[in-house]
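This briefing summarises the contacts between the parts of the model shown below. It takes the chain-to-chain interface before the domain-to-domain one.

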Amino acid sequence: MSQSSSFLERIGFFKSGNVGESGWGRTLGVGLISLFYFLPVLFIIFTSLKPQDMALSVPPTLSPTSLFGLIPDHYVFTPTLENFSSVFSRSMTSGGAPEPTGFDRYFFNSIVIASTSVFLALIIGTLAAYGFSRYPLKGNDTYLFIILTTRMLPAIVVIIPVILMFRVVGLSGSYIGIILLYTAFNLAFTIWMMKSFFDELSTDVEDAARIDGSSETKVFLKICLPQVIAGLAATFVFGLILTWNEFLFALLLTGPDTRTVPVAMNQAVSSGGRGTDWTLLASIETLFLIPVFLVTFFLQDHLLRGVTFGTVKR
Amino acid sequence: MSAVVIDRPAPQLFEVAPDNWKLAILAGLVVSILAALALPASVSFWIVGAMAALVAAAFVVNAYRRGYYGGLLVAPAIAVLFVMNIFPLLWSLGLSFFAYQSNQQSIRFVGLANYVKALTNDLAAPANWHALINTAMFVVFTVAAQMIVGFLLALLFSKQFPLRKYLLILVLTPMMLSVVASGVFFTYYYDPTFGILSYVMNQFSNEQFILMDNKVGAVAGIVFADAWMWSPFVMLLVLAGLVSVPKYLYEAAAIDRVSGWRQFWNITFPYIRGLLMLALLFRTIEAFKLADLVILLTKGGNDTLTISYHLIRIANEQNKTSEGAAISYLMLFMVIVLTNLYLYIANRRSQGA
C-alpha cells in the first residue's frame with residue numbers, strides 16, 4: 001500500500017497506517033468468497049420459496065428475481081410462502097383436509113432440550129475446566145484424557161447401553177433423559193475448550209488479588225470469568241450447533257412428545273414413499289436454521305472480541 | 001498459588017464422619033452389591049445411584065474441609081459424565097466379552113472370541129480392515145481440507161473491515177445446517193440428472209457427468225461436503241486465537257520492519273497454536289466417526305464404507321451388538337494411541353517453545 005493518500009484510499013477502499021484494519025477493498029474480496037461459500041445454503045433457502053413443481057426443474061431455477069434482467073428467465077422462479085405453512089399443517093392424503101403436523105411442538109422441544117443442555121454443560125464444564133487448570137489433581141492429564149475418550153467411540157456403541165439404561169430407569173422418551181445425555185455429550189468439548197482458555201490467562205492478576213485478600217470464589221467470578229467471555233461464547237455456539245442438529249441419539253431416545261426437529265424432519269421428508277419432498281425439507285431446514293443463526297449472530301461480537309482485558313500473556 | 005490449606009487429620013477408616021469417603025465407598029459397594037443381587041433392576045439402579053451420591057457427598061465434604069478446590073470443581077462434571085458416558089462405555093466394554101444379539105434374549109460369556117473374530121476371521125477381518133483403511137483415508141482428506149480451508153478463511157477475517165460481521169455469519173452458516181438436510185441436498189447437487197454440478201459440467205462436455213460413478217468421485221464428493229460443513233469450525237477456533245493477539249506486538253514488529261513470514265511465525269503462531277491443536281484433535285476424532293454423510297450420499301457404495309457405518313450395519317441392522325462393541329473397542333484403542341501420540345508431540349512442542 002502506498003503512503004500517499006490515493007483516491008481509493010480517501011474513499012476508504014484501502015486503509016493504511018492502522019494495524020489490523022482494512023477498507024472496502026477487503027470487504028469486496030472477502031464478500032465474494034463468502035458468498036460463494038454460502039451458495040449451497042442460499043440454494044436451500046431458495047428451494048423453500050419455490051413452488052413444489054419447480055424443485056427439480058432442469059435447468060435448475062436459481063433465483064427468485066431476475067435482478068433487473070441480469071439473470072435469464074429460465075433460471076428464475078416465482079417465490080411463494082406456501083411451503084412454510086405446510087410445515088405446520090398440510091393434508092397427509094391427496095386431496096384431504098390440512099392436518100396439524102405437530103412441528104410447533106417439535107420446534108419447542110428442540111429449543112428447550114438444546115438450550116437447557118448447553119447451559120448445563122457450560123456451567124458444569126467451566127467449573128471443571130477452571131478446576132483442571134488452576135488446581136491440578138493427581139493424575140490431572142489422565143482425567144482429562146478419560147473425558148476426551150467419551151467422545152471417541154462412535155455413537156452407535158454407546159447408544160445400546162444407554163437405551164437399556166434409560167428403559168430400566170424410565171427415562172426413555174423424557175426431557176430429563178435426553179437433556180442429561182446431551183449435557184454429557186457437550187461436557188467433553190466444553191471442558192477442553194474452556195481449559196485451553198483458562199490456561200492462556202496469566203495468573204499474575206489472580207495472585208495479586210489473592211494477596212489483597214480476595215476469596216477464591218471472587219477470584220474466579222470477578223477476575224477469571226470476565227477474561228474468558230469470548231471462550232464462553234464460542235463454546236456456547238459450538239455446543240448449541242452440535243446439540244441442535246444431533247440426530248442419532250434423538251432418533252433412538254426421544255418419544256412422540258419429546259421428538260426434536262431433525263428426527264421429525266427425517267420422518268416428514270422420507271415418509272409416504274414418494275421420494276424426497278424437496279420444498280418441504282428446505283422450508284423445515286430454513287425455519288430450523290433461524291434460531292441458531294440469530295444466536296450466533298448476536299454472540300458474534302463476544303466471539304471475536306477476544307481477550308481484551310489487558311492481560312499480560314505468558 | 002496461595003490457597004489456604006487447613007490441616008485436619010484424616011478420619012479413621014471406621015469412624016462415622018461426613019468426610020470419611022473411604023467408609024462411604026466401602027458401605028456403598030456392600031449395599032450396591034447386595035441390592036443388585038436381591039432386588040429387581042429397576043429398584044436396585046436407584047439404590048446404586050443413591051450410594052454413588054453418598055460417596056460423592058463424602059468426597060465433597062472431604063474436599064471442602066481440606067480446601068481441595070480442584071476436586072470440588074471437577075466433581076459435578078465427572079458425575080454427569082460417569083452416569084451418561086463412562087458407565088455405558090464400561091457396559092459396552094463388558095458386552096464385548098459376551099455373545100449377545102439385541103434381538104435375542106440369550107447371553108453367553110465368550111471371552112475374547114469377538115475380538116479374535118474381528119481380527120482373524122476370514123470373512124469379518126478383511127471387511128473390518130478395509131473399512132478401517134477407508135476411514136483413515138477420509139480422516140486424512142477431510143481433516144486436511146478442513147484445517148487448510150478453515151485456516152485460510154480465518155486469515156481472511158483476521159482484520160477489521162466494513163461489514164465483516166455480516167460476511168462472517170455467511171461463512172459460519174454451513175456448520176449450522178442439520179446434517180440430514182445438507183446431506184440430502186448434496187445428493188441433489190451431485191445428482192446426474194437434476195443436479196447443479198452435472199448441469200454446469202454438461203455445459204462444457206457432451207457426456208453426462210456422474211460424480212458418484214467411481215471411487216475417486218464418490219470420495220471427493222463426501223470429502224467436499226464434509227469439509228464445506230466443518231471448515232467454519234476450524235475457522236472460528238483459529239479466528240478466536242488470531243483476534244486475541246495484542247495489537248501492540250504487530251505495531252512493534254512494523255516499527256522493527258519484521259518480515260511478514262517471521263511476524264506470523266513469531267507473533268501470531270504462538271497465539272493460535274493451542275487452538276489449532278484443539279481444532280485438529282476434535283476434527284480428527286469426529287472424522288473417525290464419519291458415517292451420516294456416507295449413508296446419505298453413497299450408502300457405502302463405490303467402496304466408501306467407513307468403519308463407523310460398518311459398525312452401524314453390524315450393531316444395528318444385523319443386531320450383532322457384542323461384535324460391534326468389540327470392533328469399536330479395537331477402534332478406540334487405535335484412536336487413543338493416535339491421540340496420545342499427538343498430545344505427546346503437542347506437549348513437547350509447547351514446552352520446547
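**Interfaces between chains and domains**

Between chain A and chain B, twelve residue pairs are in polar contact, both residues of each pair being at pLDDT 80 or more. The model is predicted. The same two chains are joined by one salt bridge, in which the side chains of Arg151(A) and Glu286(B) meet at 2.8 Å, N to O.

**Chain A with chain B**

- On the side of chain A that touches chain B, at least two residues each come from α2, α4 (103-134), α5 (140-149), α6 (155-169), α7 (175-200), α10 (229-244), α12 (261-270) and α13 (278-305) of chain A.
- The most is given by α2(A), with 15 residues.
- By residue class, this side of chain A holds 72 nonpolar, 18 polar and nine charged residues.
- In total, 99 residues of chain A and 101 residues of chain B take part in the contact.
- About 9,700 Å² is buried between the two chains, and carbon and sulfur atoms give 80% of that area.

**Domain 1 with domain 2 in chain A**

- Chain A is assigned domain 1 (7-100) and domain 2 (103-305), with 30 Å between their centres, taken over C-alpha atoms.
- Contact involves 16 residues of domain 1 and 15 residues of domain 2 of chain A.
- The area buried between these domains is about 1,300 Å², 77% of it from carbon and sulfur atoms.
- Zero salt bridges are counted between the two domains of chain A, and zero residue pairs are found in polar contact across their interface (both at pLDDT 80 or more).
- On the domain 1 side of this interface, two or more residues come from each of α2 (24-47) and α3 (82-88) of chain A; α3(A) gives the most, with five residues.
- The residues of that side divide into nine nonpolar, five polar and two charged.

Conventions
Residues are numbered from 1 along each chain as its sequence is written. Chains are lettered from A and ligands numbered from 1 in the order in which they are written. This is a predicted model: local features need pLDDT of at least 70, side-chain atom pairs count only at pLDDT 80 or more; totals for chains, interfaces and linings use all residues. Side-chain values use heavy atoms; hydrogens and water are left out. Domain bounds come from an automatic or database domain assignment. Contact means heavy atoms within 4.5 Å. Buried area is the accessible area (1.4 Å probe) that two parts lose on being put together, summed over both. A salt bridge is a side-chain nitrogen of Lys or Arg within 4 Å of a carboxyl oxygen of Asp or Glu. A polar contact is a pair of N or O atoms within 3.5 Å; within protein, one must be able to donate a hydrogen and the other to accept it, and residues adjacent in sequence count only if both atoms are side-chain atoms. Helices (H or I, at least four residues) and strands (E, at least two) are DSSP runs, numbered from the N terminus. Ala, Val, Leu, Ile, Met, Phe, Trp, Tyr, Cys and Pro count as nonpolar, Asp, Glu, Lys and Arg as charged, and the others, Gly among them, as polar.
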